[in-house]
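Student: I would like to go through the terms used for this protein and see what each one rests on. Please set each value against its cut-off.

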Amino acid sequence: MTKYVYDFSEGNRDMKDLLGGKGANLAEMTNMGLPVPPGFTITTEACLTFLAQGGAPPEMLEEAGEHLRDLQDAMGKTLGDPGDPLLVSVRSGAKFSMPGMMDTVLNLGLNDRSVEGLAKQTDGDVRFARDAYRRFIQMFGKIVMDVPADAFEHVLDEAKAAKGPNAQDTDLDADDLSSLIERFRAIYREHTGGDFPQDPKDQLRLAIDAVFRSWNGKRAIDYRRQNKISDDLGTAVNVVAMVFGNRGEDSGTGVAFTRDPATGEKVPYGDYLENAQGEDVVAGIRNTKRIAELERIDPESYHGLMDVMATLEGHYHDMCDIEFTIEKGKLWILQTRIGKRTAFAEWVMAYDMLDEGLIDEDEALLRVDANRLEELFKRRVKADGARPIAKGLNASPGAATGAVVFTADDAQERANAGDKVVLVRRETTPDDYHGMIASQGILTSAGGTNSHAAVVARGEGIPAVCGADAIKLDPAAKTFTANGTTVKEGEVVTIDGFTGNVYVGELPLEESVLEKARSGDATARGEKIWKAFERLMSIADARRRLRVRANADTPDQSSNARDRGAEGIGLCRTEHMFLGEERVGAVRQMIFAETEAEEQKAYDALLPLQREDFVGIFRAMDGLPVTVRLLDPPLHEFLPNQVELAVGVARAEERGEDEVRLRDERVPLDEARVILGKVDQLHEANPMLGLRGVRLGIVKPGLYAMQVRAICEAAARVKQEGRDPKVEIMIPLVATKPELEQMRAELEPVAAEVLRSEGVQLDHLEWGTMIELPRATVTSAEIAEAAEFFSFGTNDLTQTAFGFSRDDIGKFVGMYEERKLVPANPFVTIDQPGVGRLMRIAVEEGRAANPRLHIGICGEHGGDPASVAFCDELGLDYVSCSPFRVETARLAAGQAAVGSAESAST
């Protein structure tokens with residue numbers, strides 16, 4: 001038979017799944033001998049059964065009755081007894097803390113008769129008893145019976161106003177409260193159609209039902225969505241003997257933290273309110289006092305509280321959040337839990353507790369959240385109550401403020417003139433790169449968290465908000481509107497890449513201590529947060545098995561990545577090297593070439609430009625591997641948009657103009673006609689699955705040969721300088737072994753010829769492929785025979801596995817997550833059952849065929865902590881991510897190693 005109810009003395013802190021966090025910790029404190037009011041817990045299993053059946057199981061009600069009788073015996077009182085009543089609170093408590101998301105009822109057991117008994121218990125304190133009763137009617141009506149809270153608050157405000165200006169609820173006397181009770185009962189009757197229940201057992205049954213139902217309340221559901229908490233856990237119900245903080249000036253209630261949850265400082269932190277009950281602190285109906293003031297008000301209770309705080313922190317080895325009540329000078333502990341804290345505070349606390357010997361190195365490492373690490377480096381918006389005009393996806397963290405511009409050229413021009421700008425586009429393309437990197441921030445009205453704008457922004461460390469669909473652009477007028485607000489070009493906006501909020505005007509920004517310290521600021525390096533960062537990151541590096549590389553396309557990005565601890569480059573995207581005025585012309589010459597000679601002439605122009613790029617990268621990454629991906633995107637991306645070009649040509653012809661005006665350039669009409677013809681010729685219905693990657697290399701063999709020649713010439717020069725370039729050439733979008741074999745057969749002789757002519761031998765030159773198609777994963781054993789390495793391109797692998805477009809998923813992924821159609825955005829965190837299964841097949845079968853195969857990941861998932869942990873589980877050799885996420889990946893890899901070691905030892 002299932003046991004649904006546990007006395008506090010029967011549980012412990014390890015029973016959170018069954019008793020919820022609150023119940024488990026109440027049981028733990030009871031068994032520690034701390035002053036906890038007696039009570040019992042109804043389990044989360046009872047909640048789930050209640051929700052499944054639409055009512056409480058009979059055996060649960062029977063058990064609860066038995067435990068209530070035990071509680072009454074222990075207290076020497078009976079629930080609702082007219083002469084000497086026992087009163088209880090009914091409190092929710094899920095496994096994971098969900099502050100304020102579910103319901104609590106206090107003073108249960110009061111009715112028209114027991115209120116008089118409560119007055120007798122308290123030496124004739126009629127005012128206190130009536131105040132407790134009015135609170136109970138108000139709370140029971142609001143929480144259990146859905147009476148609008150405003151109905152009660154309005155009447156309470158009227159009663160206080162009648163006492164005089166600035167009157168508080170504590171100014172109401174016994175007669176005032178008697179009148180208020182009658183008015184509250186009338187409100188209850190009006191909204192429920194019945195009288196306030198007088199039977200305490202009915203009150204208890206209804207309150208338990210209400211707490212169970214609150215698990216599926218909107219605010220609880222929203223909180224679980226935001227914090228990735230399962231809907232299948234349920235909440236426990238804690239029935240606790242009441243203690244009263246509203247019995248006069250020698251009573252009170254408060255919330256205390258054993259350390260400052262904002263800064264991590266080792267000082268008691270919290271609030272206290274005299275002559276009050278717990279909800280008064282939360283509701284903010286009166287100004288609270290700092291916890292330190294309790295020492296003056298009630299020294300004995302204060303020192304007792306400090307002793308309890310020290311005991312709990314020593315017992316839990318963590319910062320504790322404590323709810324307490326003082327009744328007539330007697331301290332009671334009503335709840336404890338591991339306290340929530342800021343990202344800043346968690347690093348300081350972990351460092352201090354490690355120093356104090358409270359926790360060991362592994363525990364300190366697991367105390368910090370890799371998902372929040374970026375917050376420590378980024379500037380933050382100080383909103384101070386400012387209201388956003390729009391909200392999008394928080395695509396790249398950080399804060400930015402600047403003048404609005406609508407084209408990449410304008411962004412670059414104004415930035416070169418010293419202006420700070422925010423580039424606003426519907427979406428971005430590779431042609432916008434120059435303007436993107438010149439901007440303080442990027443704002444798009446379309447696209448998702450792995451759109452071009454998002455990926456480039458993260459790679460460059462530029463704050464970005466994407467997919468803010470409330471924003472409507474009018475390029476002709478050079479304005480955008482959002483929820484009734486119109487913003488013109490040149491007007492200042494502020495974007496918050498942490499929240500996705502967009503504000504009009506310049507909001508103040510603050511620089512992070514860690515970023516200053518990383519740049520060498522001596523004062524910042526003396527701060528505790530920097531010391532904490534250095535120590536915990538050194539522990540992560542010592543523990544992790546996974547290596548961490550970076551996705552970097554330029555020498556500056558490579559240097560930045562190395563400074564952040566990158567151990568190589570896992571993805572160097574050569575398409576970014578084809579952008580820029582002097583290069584676009586040569587690329588277009590290659591695209592338009594009618595003969596092999598014309599095509600080769602274009603390659604000859606591009607080769608020295610690419611070579612110089614690679615020289616800088618190999619120098620920056622001296623001694624570390626650099627994986628260079630040969631050109632991947634379809635050629636049409638280097639040409640103007642087909643629709644825009646066609647419209648531009650038609651408009652110019654109609655107006656008799658000799659130039660065509662496109663987004664960011666003017667093109668002679670005759671040239672535009674030629675370009676349009678080529679664009680039409682290259683047009684594909686689905687270019688992401690068309691002529692790109694290895695297919696492009698097969699169709700245009702000279703293109704990949706030119707790139708390989710540039711790579712090897714650059715490596716040879718760097719080798720001749722006495723450095724150690726480690727080269728890995730990656731052929732993208734391979735689906736079959738013959739594709740890779742053909743490319744290697746064509747390209748390896750080119751590399752050999754360059755190295756022979758330069759008289760250089762490279763110690764590390766490998767050939768491999770990007771695994772980004774489902775077919776490649778399930779035929780990995782064949783492909784591995786022709787490869788020295790695999791690198792998972794999980795962005796495209798996710799697209800092709802789900803059939804989702806990463807640029808369009810932003811329109812519906814929120815709904816999908818809300819309805820649990822996907823566990824998380826699969827472009828943010830690897831979908832383990834689907835995409836992850838394909839990866840596992842590729843790893844296992846690829847290594848079985850080629851034991852020397854080394855395997856990494858270079859999609860954006862390489863910087864997602866949950867995905868990093870999965871990569872560690874799969875046994876990958878490295879992860880690669882944008883430079884600004886390298887520290888996050890290092891930390892996550894260290895935590896994954898510690899976590900897997902702990903799992904293996906239990």
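Tutor: What follows takes the chain as a whole, then helix pairs, sheets and single residues, all in a predicted model.

Student: What is the overall make-up of the protein chain?

Tutor: The protein chain has 35 helices and 35 strands. Its C-alpha atoms fill a box of roughly 105 × 65 × 55 Å along the principal axes. Of its 906 residues, 55% count as buried. Among contacts between residues at least 6 apart in sequence, 68% join residues at least 24 apart.

Student: Why are α5 and α6 called roughly antiparallel?

Tutor: Helix α5 (residues 126-144) and helix α6 (residues 149-163) pack at an angle of about 155 degrees. Angles over 145 degrees count as roughly antiparallel, and α5 and α6 are therefore placed in that class. Their axes are 9 Å apart.

Student: Which residues make the contact of α5 with α6?

Tutor: From α5 come R134, I137, Q138, G141 and K142, and they meet A149, F152, E153 and L156 in α6. By class, the residues of this contact are 4 nonpolar, 2 polar and 3 charged. Gly is counted as polar, and G141 is one of the residues of α5 in the contact.

Student: What makes α13 and α20 another kind of pair, roughly perpendicular?

Tutor: The axes of helix α13 (residues 343-356) and helix α20 (residues 528-543) cross at roughly 70 degrees and come within 9 Å. The range for roughly perpendicular is 65 to 115 degrees, and α13 and α20 are therefore given that name.

Student: Which residues of α13 and α20 meet, and how do they divide by class?

Tutor: In α13 they are F344, W347, V348, A350, Y351, D352, L354 and D355. Their counterparts in α20 are K528, I529, K531, A532, F533, R535, L536, M537 and I539. The contact of α13 with α20 has 12 nonpolar, no polar and 5 charged residues.

Student: Now the sheets. What makes β20 and β22 edge strands?

Tutor: The order in this open sheet of 3 strands is β20-β21-β22, with antiparallel pairing. β20 (471-474) and β22 (485-488) each have a single partner strand, so one side of each is left without a neighbour in the sheet. From one strand to the next, the twist averages 20 degrees.

Student: How do you know that β20 and β21 are paired?

Tutor: Pairing needs at least two bridges between two strands. β20 and strand β21 (residues 479-482) are joined by 4 bridges and run antiparallel, which meets the cut-off. L473 has F480 as its bridge partner in β21, and I471 has A482. The two strands form a hairpin with 4 residues between them, and K478 in the turn has a positive phi of about 55 degrees.

Student: Which strands are at the edges of the sheet of 8 strands?

Tutor: That open sheet has the order β14-β24-β23-β16-β17-β18-β19-β15, with mixed pairing. Its edge strands are β14 (390-391) and β15 (393-396), each of which pairs on one side only.

Student: What makes β17 and β18 a pair, and in which sense do they run?

Tutor: Strand β17 (residues 421-425) and strand β18 (residues 441-444) share 4 bridges in the parallel sense, against a required minimum of two. R425 stands opposite T444 in β18.

Student: Why is T41 called buried?

Tutor: Buried means under 20% relative accessible area. T41 has 1% relative accessibility and therefore counts as buried. T41 is in strand β2 (residues 39-42). Beyond its neighbours within four places in sequence, T41 contacts Y4, V5, Y6, F8, L19, G23, A236, V237 and N238.

Student: What makes the meeting of the T41 and N238 side chains a polar contact?

Tutor: The distance is 2.8 Å, and the cut-off for a pair of N or O atoms is within 3.5 Å. The contact joins side chain to side chain.

Student: Are D384 and N483 buried or exposed?

Tutor: Exposed means over 50%. D384 is at 68% relative accessibility and therefore counts as exposed. N483 has a relative accessible area of 64% and is exposed.

Student: Where do D384 and N483 lie, and what is phi for each?

Tutor: D384 is in the loop between β13 (380-381) and β14, and its phi is positive, about 45 degrees, although D384 is not a glycine. N483 lies in the loop between β21 and β22. Phi of N483 is near 50 degrees, again a positive value in a residue other than glycine.

Note on methods:
Residues numbered from 1 in each chain as written. Predicted model: local features only at pLDDT ≥ 70, side-chain atom pairs only at ≥ 80, totals over all residues. Heavy atoms only, no water. Axes fitted to C-alpha atoms, helices over the stretch in contact; angles between N-to-C directions. Parallel < 35°, antiparallel > 145°, perpendicular 65-115°, else oblique. Contact = heavy atoms within 4.5 Å. Buried < 20%, exposed > 50% of the residue type's maximum accessible area, 1.4 Å probe, protein only. Polar contact = N/O pair within 3.5 Å; in protein donor to acceptor, adjacent residues only side chain to side chain.
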